[in-house]
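Thanks for sharing this one. Below are some notes from my read-through, set out as numbered points so you can follow along with the model open.

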Amino acid sequence: MLAWHWWLIAALLLLLLELLGTGFFAFAFGLAALAAMVVAWLDVGVTWQWFTFALAAALLAPLLKWLFRRFAPSQRTSFLAGESRRQQGEIVQLASGELRLKLEGDLFPVRSASDASLTVGARVQVRRFDGITAIID
């Protein structure tokens, strides 16, 4: 088997590995293996094949990660548990009559910290979450 065959096999395996959700790193390595395959196909030495692979991977991994974050369909700004960042949502009413907080396309049970009445359509600030219940100002 020729060297470029091995690079092609490695590229295909890495591209398949990306299906497990590695955040574009396996994809970048797969593309880098394809670049090394082209160098091997041109009958360049093994040292240059590995150098091409390493350089391509070093350039492609951060580039693809940046592109993914920039152009991903989800631009969520959610915070993690324990972080205290204010978010705004809208009070909506379900067909059953229950009120929910709509935040980034998701619906959460809602409760007012001051026991004020909730108005459908009102834009409110989320103070914190108690489990999945949004506590608003």
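**Notes on the barrel, two loops and a surface patch**

1. A good place to start is the pairing of β4 with β5: R128 has I135 in β5 as its bridge partner. Please keep in mind that this is a predicted model. β4 and β5 are joined by four bridges and run antiparallel. Their hairpin leaves two residues between the strands, and G131 there adopts a positive phi near 70°.

2. On to the other partner of β4. Strand β1, residues 87-93, pairs with β4 through four bridges, again in the antiparallel sense. If you would like a residue pair to look at, Q87 has V126 in β4 as its bridge partner.

3. How do β3 and β5 run relative to each other, parallel or antiparallel? They are parallel, with three bridges linking β3 (residues 106-112) to β5 (residues 133-136). Within β5, the residue opposite S112 is I136.

4. Put together, these pairings belong to a barrel: five strands close up in the order β1-β2-β3-β5-β4, and the pairing is mixed. From one strand to the next, the twist averages 55°. As a general reminder, strands of a sheet pair through backbone hydrogen bonds, either parallel or antiparallel.

5. Two loop residues deserve a look at their backbone angles. E104 is not a glycine, yet its phi is positive, at about 55°. E104 sits in the loop between β2 (99-103) and β3. Its relative accessibility is 30%, so E104 is classed as partly exposed.

6. D115 is the other residue to check: here phi is positive at about 60°, and D115 is not a glycine either. D115 belongs to the loop between β3 and β4 (123-130). Is D115 buried or exposed? Because its relative accessibility is 69%, D115 counts as exposed.

7. Away from the strands, I would draw your eye to a nonpolar surface patch made of V38, W41, L42, V44, W48, F51, L55 and L59, which together have about 850 Å² of accessible area. Two or more residues of the patch come from each of α2 (25-41) and α3 (46-71). Which element gives the largest share? That is α3, with four residues.

8. One patch member to inspect is L59, which lies in helix α3. With a relative accessible area of 56%, L59 is exposed, because the cut-off for that class is over 50%.

Conventions:
Residues are numbered from 1 along each chain as its sequence is written. This is a predicted model: local features need pLDDT of at least 70, side-chain atom pairs count only at pLDDT 80 or more; totals for chains, interfaces and linings use all residues. Side-chain values use heavy atoms; hydrogens and water are left out. Two strands pair if DSSP finds at least two bridges between them. Axes are lines fitted to C-alpha atoms, for helices over the stretch in contact, and angles run from 0 to 180 degrees between N-to-C directions. Buried means under 20% relative accessible area, exposed over 50%, partly exposed in between (1.4 Å probe, protein chains only). Patches are made of residues with over 30% relative accessible area and no salt bridge: like charges are joined within 9 Å, nonpolar side chains (Val, Leu, Ile, Met, Phe, Trp, Tyr) within 5 Å. Accessible areas come from the Shrake-Rupley method with a 1.4 Å probe; for residues, only the protein chains shown count as cover. A salt bridge is a side-chain nitrogen of Lys or Arg within 4 Å of a carboxyl oxygen of Asp or Glu.
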